[in-house]
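User: Hi! I'm new to this one and would like a friendly tour. Could you show me what we're working with?

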Amino acid sequence: MGKSDLHTHTKESDGALSADQLIDRAKKKGLKTIAITDHDTINGYKKARSAATEAGIELIPGIEITALWGRREVHILAYLFDTEDPELLSLLKRQRLARIKRMKDIVEVLQGQGLDISLDEVRAESGTGSPGRPHAASVLISKGYVASVAEAFIRYLSSDKLEGVTTDYASVEEVVETVKGAHGVLSLAHPGPLYTADEINTLLGFGIDGIECIHPSHNFNLQRTFTKMAESRHLLITGGSDFHGKRKTEYDPYFGIVTLGDKHLASMKRLAQRRKTEKNS
Ligand code: AMP
Ligand code: FE
Ligand code: FE
Ligand code: ZN
């Protein structure tokens, strides 16, 4: 028996810790298994592998992919995929280019509002990792335009405020097909308050294997509702803390506390194993 956290971020996307630092924190929290689910990149996972082995932590392949559903962005978690799958790697390359183009457009929108901000400044925040809105928020904070990431999202970065910005992210259908092709399993990330019941039905209808029932944005009732939904449809139940390693992020106190039980992890592994066997037979 041990605790698993299947939703964490590193510097390779919008987290604050390096891959090694995250493994160290996971060890201190007594976690047995973790997944690094950076946005649209597996570089954090790759960098953490040797530290995880040394620390005796089971690190499973993971990622949080932003997929397009019409004009909406949907976060889909994927696990236990083949990390060298060429189709998956090519999809991730496209996601990265889409993120850079999108950030360029976002910066232009902000400049149009009279803000002094450049793409280079945002890229300096994201370093070699996936650029995202939290990096733009950091620039806005350092320039004194806003006092917090939350304020940056409310005033400038929410999807409502960026309505004109379109993105080239892969579609939900494409993400599902590619991850399954790489023998991985998929889970709808933190559905919490984001979707209506009908919308969840539609999204699951695309072939997503499970629901992230356990997430700090879910209160007890939501967790129960999603767990029942997953059980009644024989879907996977996944979960984690969505740790970003930033003191000011509201979910971070849940690292080591919001965890997933062994039996759910075992079901995920069985499904991934079945995909591997079916593919090779
Ligand atoms: P992006 O990758 O550019 O779509 O940015 C999405 C990320 O921004 C999410 O994964 C969260 O980590 C963060 N985020 C989204 N909304 C907020 C918010 N209201 N306050 C702080 N962080 C947020
Ligand atoms: Fe994030
Ligand atoms: Fe997310
Ligand atoms: Zn996340």
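Analyst: Happy to! One term to start with: a residue is called buried if its relative accessible area is under 20%. Also keep in mind that this is a predicted model.

User: Thanks. Is H9 buried or exposed, then?

Analyst: H9 counts as buried, because its relative accessibility is 0%.

User: What coordinates the zinc ion (ligand 4)?

Analyst: The zinc ion (ligand 4) is held by H7 through NE2, H9 through NE2, E64 through OE and D242 through OD, at 2.1 to 2.3 Å.

User: And how are those donor residues spaced in the sequence?

Analyst: The pattern for the zinc ion (ligand 4) reads H-x1-H-x54-E-x177-D. Two of its donors, H9 and E64, link distant parts of the chain: H9 is in the loop between β1 (3-8) and α1 (19-28), while E64 is in strand β4 (residues 62-69), 55 residues apart.

User: What about E64, buried or exposed?

Analyst: E64 is buried, since its relative accessible area is 1%.

User: What sort of geometry does the zinc site have?

Analyst: The site of the zinc ion (ligand 4) is irregular, with angles of 77 to 166° among its four donor atoms. For reference, ideal angles for four tetrahedral donors at a metal are 109.5 degrees.

User: How far is the zinc ion (ligand 4) from the iron ion (ligand 2)?

Analyst: They are 4.4 Å apart.

User: Which residues are the protein donors of the iron ion (ligand 2)?

Analyst: D14 (OD), H39 (NE2) and H244 (NE2) lie 2.2 to 2.3 Å from the iron ion (ligand 2). D14 sits in the loop between β1 and α1, and H39 in the loop between β2 (31-36) and α2 (43-55), so this pair ties together parts that are 25 residues apart in sequence. D14 is buried, with a relative accessible area of 9%, and H39 counts as buried at 9% relative accessibility.

User: What separates the iron ion (ligand 2) from the iron ion (ligand 3)?

Analyst: A distance of 5.5 Å.

User: So what coordinates the iron ion (ligand 3)?

Analyst: E64 (OE), H75 (ND1) and H190 (NE2) do, at 2.0 to 2.3 Å. H75 belongs to strand β5 (residues 72-79) and H190 to the loop between β6 (185-188) and α8 (197-205), so the two tie together parts 115 residues apart in sequence. H190 counts as buried because its relative accessibility is 13%. E64 is also listed as a donor of the zinc ion (ligand 4).

User: Switching topic: what surrounds ligand 1?

Analyst: Its shell consists of D14, H39, H75, R99, R102, G132, R133, P134, V149, F153 and H244. By class, that shell has three nonpolar, four polar and four charged residues.

User: Which helices supply at least two residues of the shell?

Analyst: α3 (86-112), α5 (133-142) and α6 (149-157) each do so for ligand 1.

User: Where do oxygen atoms of ligand 1 come up against polar atoms of the protein?

Analyst: An oxygen of ligand 1 is 2.9 Å from an N or O atom in the side chain of H39. For the side chain of R102, the distance from an oxygen of ligand 1 to an N or O atom is 3.0 Å. At R133 a polar backbone atom is 2.7 Å from an oxygen of ligand 1. The protein covers 71% of the 500 Å² of accessible area that ligand 1 has on its own.

User: Last one: where is G245 found?

Analyst: G245 is in the loop between β8 (236-239) and α10 (262-280). Its C-alpha atom is 28 Å from that of S267, which is 22 residues away along the chain.

Notes:
Residues are numbered from 1 along each chain as its sequence is written. Chains are lettered from A and ligands numbered from 1 in the order in which they are written. This is a predicted model: local features need pLDDT of at least 70, side-chain atom pairs count only at pLDDT 80 or more; totals for chains, interfaces and linings use all residues. Side-chain values use heavy atoms; hydrogens and water are left out. A residue is near a molecule or strand if one of its heavy atoms lies within 4 Å of it. A polar contact is a pair of N or O atoms within 3.5 Å; within protein, one must be able to donate a hydrogen and the other to accept it, and residues adjacent in sequence count only if both atoms are side-chain atoms. Accessible areas come from the Shrake-Rupley method with a 1.4 Å probe; for residues, only the protein chains shown count as cover. Helices (H or I, at least four residues) and strands (E, at least two) are DSSP runs, numbered from the N terminus. Ala, Val, Leu, Ile, Met, Phe, Trp, Tyr, Cys and Pro count as nonpolar, Asp, Glu, Lys and Arg as charged, and the others, Gly among them, as polar. Donors are N, O and S atoms within 2.8 Å of the metal (3.2 Å for Na, K and Ca); water is not among the atoms, so sites may look incomplete. Four donors count as tetrahedral if all angles lie between 85 and 135 degrees; four count as square planar and six as octahedral if opposite donors are over 155 degrees apart and all others between 65 and 115; anything else is irregular. Buried means under 20% relative accessible area, exposed over 50%, partly exposed in between (1.4 Å probe, protein chains only).
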